[in-house]
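Me: Hi! I am new to reading protein structures. Could you go through this one with me, step by step?

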Amino acid sequence: MNNPMSNLTTKQRNFYIFCGAIVVLWFVVRFMNNAAQRAAYYREQAIRAAQQRARANTPPPAPKTPKQGKIPAVVLTDLSNLSGAWMGQRLLNQNGMCTLRLEMRSLPQKPEDYKGYARLNCMPPAGLGSLRGGRVLPRQQRENLNPVAMVLTGVPEDGSLHFTLDKTVVAPNDDCETTDLT
């Protein structure tokens, strides 16, 4: 019997071994990355559950007696501590693990207002993304692999920032465009 591996030179055999090692390493790194993302998600959920339990066990505050005149609404200060990049992740049923990255910069002419630059990127559930480069994924999940990018303007409103859409840089593929967020 003629063994096809016996016809290979040492250089060719080493090349095939190297390629095989890269493929195995790629799968291991991808598995570890997915596991780390799942662990971060579960850790975040555990923290939220603990905070909700703590809030449920805290007695409500005593009602305040109104002073003379109108009680002012909650007013945000200059919000200078919110400038920078913020990021959060959440597992969404149809889109997989989604990451929202929001960069906020205060406006020079009005420091309490912000310009926001947001990017939303979703990764399909673990195990599906490696199927022939995502070509086997359902159309909706495959289209969500492209990040959605938008420019927003944020204005303080009742103790929070209310962002309205200025411009969509990269439109979503699912016709579910963001118009505002708080």
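Me: Happy to start with the surface. What share of the exposed area do carbon and sulfur atoms supply?

Reply: Good place to begin, and keep in mind that this is a predicted model. The protein exposes about 13,700 Å². Of that area, the share supplied by carbon and sulfur atoms is 59%.

Me: And how much of the protein is buried?

Reply: A residue counts as buried when its relative accessible area is under 20%. The protein has 182 residues. Buried residues make up 19%.

Me: Which pattern do the helices and strands follow along the sequence?

Reply: Let's take the elements by number before their order. The protein has two helices and six strands. Read along the sequence, they give the pattern α-β-β-β-α-β-β-β.

Me: What percentage of the contacts with a separation of 6 or more comes from residues 24 or more positions apart?

Reply: Here we set aside pairs that sit less than 6 positions apart in the sequence. Among the contacts that remain, residues 24 or more positions apart account for 44%.

Me: Now to charged side chains. How many salt bridges are there?

Reply: To count, we look for a side-chain nitrogen of Lys or Arg within 4 Å of a carboxyl oxygen of Asp or Glu. One of the pairs is Glu 44 with Arg 48, where the closest N and O atoms are 2.7 Å apart. By this rule the count is three.

Me: About how far apart along the helix are Glu 44 and Arg 48?

Reply: Both residues belong to helix H1, which covers residues 10-57. Glu 44 is partly exposed at 24% relative accessibility, and Arg 48 is partly exposed at 36%. Because they are four residues apart in this helix, their separation is about one helical turn.

Me: Which residues are joined into one network by salt bridges that share partners?

Reply: Follow Glu 103, which is partly exposed at 21% relative accessibility. Its side chain meets that of Arg 101 in a salt bridge of 3.7 Å, N to O, and that of Arg 105 in another of 2.8 Å. Arg 101 is partly exposed at 29%, and Arg 105 is partly exposed at 44%. Through these shared partners, the network joins Arg 101, Glu 103 and Arg 105.

Me: Is Thr 99 buried or exposed?

Reply: Thr 99 lies in strand E2, residues 96-107. Its relative accessible area is 18%, and the cut-off for buried is under 20%. Thr 99 is therefore buried.

Me: Which side chain makes a polar contact with that of Thr 99?

Reply: Leaving out residues up to four places away in sequence, Thr 99 touches several residues, including Met 87, Gly 88, Arg 119 and Leu 120. Gln 89 is also one of the residues it touches. At 3.2 Å, the side chain in polar contact with that of Thr 99 belongs to Gln 89.

Me: One last thing: what accessible area does the nonpolar surface patch have together?

Reply: One member of the patch, Met 32, is found in helix H1. Met 32 is exposed, with a relative accessible area of 52%. Val 24, Val 28, Phe 31 and Met 32 form the patch, and together their accessible area is about 410 Å².

How values were computed. Residues are numbered from 1 along each chain as its sequence is written. This is a predicted model: local features need pLDDT of at least 70, side-chain atom pairs count only at pLDDT 80 or more; totals for chains, interfaces and linings use all residues. Side-chain values use heavy atoms; hydrogens and water are left out. Buried means under 20% relative accessible area, exposed over 50%, partly exposed in between (1.4 Å probe, protein chains only). Patches are made of residues with over 30% relative accessible area and no salt bridge: like charges are joined within 9 Å, nonpolar side chains (Val, Leu, Ile, Met, Phe, Trp, Tyr) within 5 Å. Accessible areas come from the Shrake-Rupley method with a 1.4 Å probe; for residues, only the protein chains shown count as cover. Contact means heavy atoms within 4.5 Å. A polar contact is a pair of N or O atoms within 3.5 Å; within protein, one must be able to donate a hydrogen and the other to accept it, and residues adjacent in sequence count only if both atoms are side-chain atoms.
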